[in-house]
Amino acid sequence: MPDTPHPPTTTETHCPYCALQCGTRLTRDRTTAVTVEPADFPVNRGRLCQKGWTAPEVLAATDRLRTPLVRGRDGRLLTASWDSALDTVAEGLDRIRARHGADALAVFGGGGLTNEKAYLLGKFARLALGTRNIDYNGRFCMSSAAAAGNDAFGVDRGLPFPVTDLARARTVLLAGANVAETMPPLMQHLEGARLIVVDPRYSATARRAAVHLQPAPGTDLALALGMLHLAVTEGLVDKAYIDRRTSGFETAMGRAAAWWPERVEAVTGVPVRAQRTAVHLLAESPDSYILTGRGVEQHRQGTATTAAFINLALALGLPGTPGGGYGCLTGQGNGQGGREHGQKSDQLPGYRSLTDPADRAHVAGVWGVPPGRLPGPGLRAYELLDALGEEHGPRALLVLGSNPVVSAPDAARITARLASLDLLVVADFVPSETARMADVVVPVTQWAEEEGTLTNLEGRVLRRRALLSPPPLVRSDLEVLHGIAVRLGEPAEHYPTAPQEVFEELRAASRGGRADYSGISYDRLDAGESLYWPCPDTDKPHPGTPRLFLDGFAHLDGRARFAEVEHDGPAEETSGSYPVHATTGRILTHYQSGAQTRRVAELAAVAAGPFVEVHPDTAARHGLTDGGLARVTSARGGMTARVRLDPTLRPDTVFLPFHFSGDGRANLVTNPALDPRSGMPEFKVSAVRLEPLPE
């Protein structure tokens, strides 16, 4: 069913990809062909990246899912009616729950789901299924930064200031963030700043930097400790700010004291002179920012590494000041909102805690159930996927907005775990690699066919608007959840299918929470208001909070917390059998698992298949040639990629983009070693060997 009965011919909405959420204007002609133009929206100011310009092509994908599919006795996916498909799902869930208990059912969501979908998905899992086992792919993206931000500031909002504030920056440290490729329109806001880039690759962003710090993979924490050491020993810290606005500095500095510059160089490979130059640029500039990305977060010490860069920012007096700050560059389209409203394993809407009695009571009251009906925290993303089909693990999984066959670490193992399930249900709009494994596939709407809200990396809540009606047999994710819940015996009115109705309930559930949306409404957003959370419901309409921490941090005492952290190195060191580090990341022309962008001819023409970037000396040692095939193998498995020689790489490191499928999946080699605090796998460091392959 379409969200709007007569969609307009032109609409203002937002790009379906990254968390920048560039403003766009979509237009359809009489044949329903869609064109896109960039809007003059603050974050993109009339610009789009290559992915944004080509986004409408996915709407017309030739293999678009248009009808439900149910796997027959012969093992093939066969066309089915909606009633047959949903009956199959509900009967399977009921059967498994009766035999193995509610926790034998699991849900895996996504950071691209709208706020309404993420909210209803969490409610569905905890009430309709009664399971504690729900998590989402954002655990692989933002969890380390979220944990570090909550610890330091008392709240987690990627950028606690508008993107446009960066235009006034004089110096910006980008740690593990290649924004020139992952968020190209953001670069216009950094044009006036001297960039310090921390990246083991000489990335497109590093090529624009005044200083490039190129540490060995897995040593960012040592580098951050060393930079704090230099800031203190060279008299560059803001002592008045530290005394007035923070706590824990002496303990944090006690750890950093052991990381003198020469030791940092020995561990990271970053020259002392470059360390010193970077710290002085940050400290002596009147308007400095430190921004982190996945490069420092996707480690088994990702939370500690992010915290170490926050420590540096606090020591320099940056967070909560008008001309500087710390921020995390959220990745997925709704990576911010998606982690606020209940699809995380330990969380309730409004960024409430599933273990806090008052939080449980508030949300249970909104849902009309006793607090005791809410399950406790469940398994985190990799732990959940790794437990599928095991003796005491989930036997059924519902997947919305995710493609773990490609995106999960140790992908061969996770693929095997998915195959062992009694029931796998996938909602998607294209036949992703995970959908192809499913017992039931339900076709759902795409971004230009649905209404809703998303929250971008700066905490601004945005409206997604429909331009097209979906194909006749395609339904929204909200309708799918409603249909299953009703078949499981839940009251129909508890699972609305109208996005605005769901958002009204979300407002009530978030009221008084850390991420308070209660003062935000569709009417205010449609009137053009710029609303950043927290935005409580007050007698006089609250204007929202574009800039956090100016008057104090979110801890009860108003102070930010330094963290006591220590470098411990990657979980997996190189050896004679696996002599090279592999690190992974995104490239300009593709997004996440590639399920959308690999279907765009223009993007696929630029990067049609998997490749591995290798230093020429490393290639020569391993018998590899430019353009030839290579086998990249870790202790977990191997993948095949075409060699691209890159003399700017560290000789001890190779780079693998993670957008490709089949035998080209980078995650066939990645390490599932987890950050104990956040549950983040160590995507960024794996020990591998390289071998040439014949054509």
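## A tour that starts at strand β8

Select T171, L173 and A175, which point one way from strand β8, and then V172 and L174, which point the other way; all of them are buried, where buried means under 20% relative accessible area, exposed over 50% and partly exposed in between, with a 1.4 Å probe and protein chains only. In a regular strand the side chains alternate between the two faces of the sheet. Before going on, note that this is a predicted model, in which local features need pLDDT of at least 70 and side-chain atom pairs count only at pLDDT 80 or more, while totals for chains, interfaces and linings use all residues. Residues are numbered from 1 along each chain as its sequence is written, and side-chain values use heavy atoms, with hydrogens and water left out.

**The strands beside β8**

Now colour the whole of β8, residues 171-175: 5 of its 5 residues are buried, so this strand is largely enclosed by the rest of the structure. Strands here are DSSP runs of E with at least two residues, helices are runs of H or I with at least four residues, and both are numbered from the N terminus. Two strands pair if DSSP finds at least two bridges between them.

Select strand β9, residues 194-198, which runs parallel to β8 and is joined to it by 5 bridges; L174 stands opposite V197 there. Then select strand β12, residues 288-292, which is also parallel to β8 and joined to it by 5 bridges, with S288 as the bridge partner of T171.

Return to β9, where 4 of the 5 residues are buried, so β9 too is largely enclosed by the rest of the structure. From β9, 3 bridges lead to strand β10, residues 211-213, which runs parallel to it, and I196 stands opposite V211 in β10.

**A buried tryptophan**

Which residues does W259 touch, not counting those up to four places away in sequence? Select W259 in the loop between α9 (249-256) and α10 (261-268), and show A222, L225, G226, H229, V264, V267, E566 and H567 as its contacts, a contact being heavy atoms within 4.5 Å. W259 counts as buried because its relative accessibility is 2%. If you draw a distance from W259 to M227, which is 32 residues away along the chain, the C-alpha atoms are separated by 8.6 Å.

**An exposed alanine**

Next, go to A605 in helix α21, residues 601-606. With a relative accessible area of 64%, A605 is exposed. Its C-alpha lies 42 Å from that of G323, a residue 282 positions away in sequence.

**The whole chain**

Finally, zoom out to the full protein chain, which has 22 helices and 29 strands, and whose C-alpha trace spans about 70 × 70 × 55 Å along its principal axes. Of its 695 residues, 65% count as buried. Among contacts between residues at least 6 apart in sequence, 72% join residues at least 24 apart. If you switch on a surface, its accessible area comes to about 23300 Å², of which 50% belongs to carbon and sulfur atoms, as computed by the Shrake-Rupley method with a 1.4 Å probe, where for residues only the protein chains shown count as cover.
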